[in-house]
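Biologist: Can you walk me through this fold? I'd like the reasoning along with each answer.

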Amino acid sequence: MNNTVSRVTIVFTAYGPPGPYNSALFVIIFVIYVSILLINSFLVLVICVESSLHRPMYILLVNLALNGVIGSSSVCPNIMKHLIMEKQETSLEGCLTQVYFGNVYGACIYCILALMAYDRYVSICKPLHYHSIMTPTKVKLLLAVVYFIPGSALAVQVYMTSRIQLCKHTIDKLVCDNLAVINLSCQKSVLLNVYGLCLIICLVILPFLLVVLSYVHIFMVSLKTSKESQKKALRTCTPHLVTFINFSVASFFGVIYNRLSLHLPREVNIFMSISFIFIPPLLHPIIYGIKTQEIRCSMYKVIRNKILQC
């Protein structure tokens, strides 16, 4: 390895000098970040304290919320720091750490959404076998796989990226991503590109297809049932479906940002760079809080009990 990771400095050129624009952006991101922490923490608290919500779907929802916090926390503090500092730079080690947790966030969210789609599929298409299929032990095992496989595979990717020799040290983006670091290398690595493509297929495309196939099957089964059953299935699936679409759209913006950031106006660049990290974790708890009656009632109950204690 030709570069000592902890000594290599990466400079961000997309921020511009500190000023009123950066200060306003700092306040906006700070408010969004605090909102993400509070909303997701409250959702996790409600599900944890309410025994009636200790079911597979809500256990998966807790993990969805926690991943949202991890994703936003991997990026937000660094963005705010760079907005108010004269020098916008970080070590290669810090950059790769941000890459790792940002990628784990994205991969785990898609995998959890696939598990949630499977849960809805079993609930609607095999209701009599639901409790024998979605046992607490199986849910824990599936979650362990969801964290272990992406975490391990992405750790290998970050290690491989850390071994490349860098000839450039400036990134024209707000945050680090693996592609941006690879583009700093002295020569292209076919191995890294192939490995990255395999990760996209296994950790993004495959879970995406599993969700789509689950809903196709749910739709086909629902067509054979009564109108009332169809309405019930729609109510059951709507929060997850909206969440899935929201995250997929945000991911699409993230892909565009990675490929076209050099050719975008600064305002568009900023929006697209933070949309993938901020919008899903902010909206997911709100979607479930509004659309899921059990969660909504439990939230009212927790708030009411807290007020009465005061």
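Modeller: Some terms up front: buried is under 20% relative accessible area, exposed is over 50% and partly exposed lies in between, with a 1.4 Å probe and protein chains only. Helices (H or I, at least four residues) and strands (E, at least two) are DSSP runs, numbered from the N terminus. This is a predicted model, where local features need pLDDT of at least 70 and side-chain atom pairs pLDDT 80 or more, while totals for chains, interfaces and linings use all residues. Numbering starts from 1 along each chain as its sequence is written, and side-chain values use heavy atoms, without hydrogens and water.

Biologist: Which residues make up the covered face of β1?

Modeller: The two faces of the strand split its residues into pairs. Thr9 and Val11 sit on the uncovered side. That leaves the covered face to Ile10 and Phe12.

Biologist: In the open sheet, what is the order of the three strands?

Modeller: Strands pair here if DSSP finds at least two bridges between them. β2 (89-91) and β3 (170-171) are edge strands, each pairing on one side only. The pairing is mixed, and the order reads β2-β1-β3.

Biologist: Does β1 run parallel or antiparallel to β2?

Modeller: On the other side, β1 (residues 9-12) and β3 run parallel, joined by two bridges. One link there has Val11 with Thr170 as its partner. With β2 there are three bridges, and the sense is antiparallel.

Biologist: And in β2, what is the bridge partner of Ile10?

Modeller: Ile10 belongs to the covered face of β1. Its partner in β2 is Thr90.

Biologist: On to the rings: how many aromatic pairs does the structure hold?

Modeller: Rings of Phe, Tyr and Trp (its six-membered ring) pair if their centres lie within 6.5 Å; planes under 30 degrees apart are stacked, over 60 edge-to-face and the rest tilted. By that test, the total is 11.

Biologist: Why does the pair of Phe26 and Phe30 count as it does?

Modeller: The ring centres are 6.4 Å apart and the planes sit at 5°. Both residues lie in helix α1 (residues 20-49), four residues apart, about one turn of the helix. Phe26 has 23% relative accessibility and Phe30 41%, so each counts as partly exposed. As for the ring geometry, that small angle between the planes is why the pair is stacked.

Biologist: Tyr118 and Tyr121 form an aromatic pair too, so to speak: what is the angle between the planes?

Modeller: These two are three residues apart in helix α3 (residues 92-125), which separates them by about one helical turn. Their centres lie 6.3 Å apart and the pair is tilted, with the planes at 35°.

Biologist: At its relative accessibility, does Tyr121 count as buried or exposed?

Modeller: Its partner Tyr118 is partly exposed at 31%. Tyr121 comes in at 17%, so it counts as buried.

Biologist: How many of the 34 residues of α3 are buried?

Modeller: The helix reaches 49 Å from its first C-alpha to its last, close to the 50 Å expected at 1.5 Å a residue (1.5 Å times one less than its number of residues). α3 is mostly covered, and its buried count is 26.

Biologist: Last one: which residues do ring pairs link into a cluster?

Modeller: The cluster mixes Tyr and Phe rings. Its members are Tyr105, Tyr110, Phe208, Phe244, Phe247 and Phe276.
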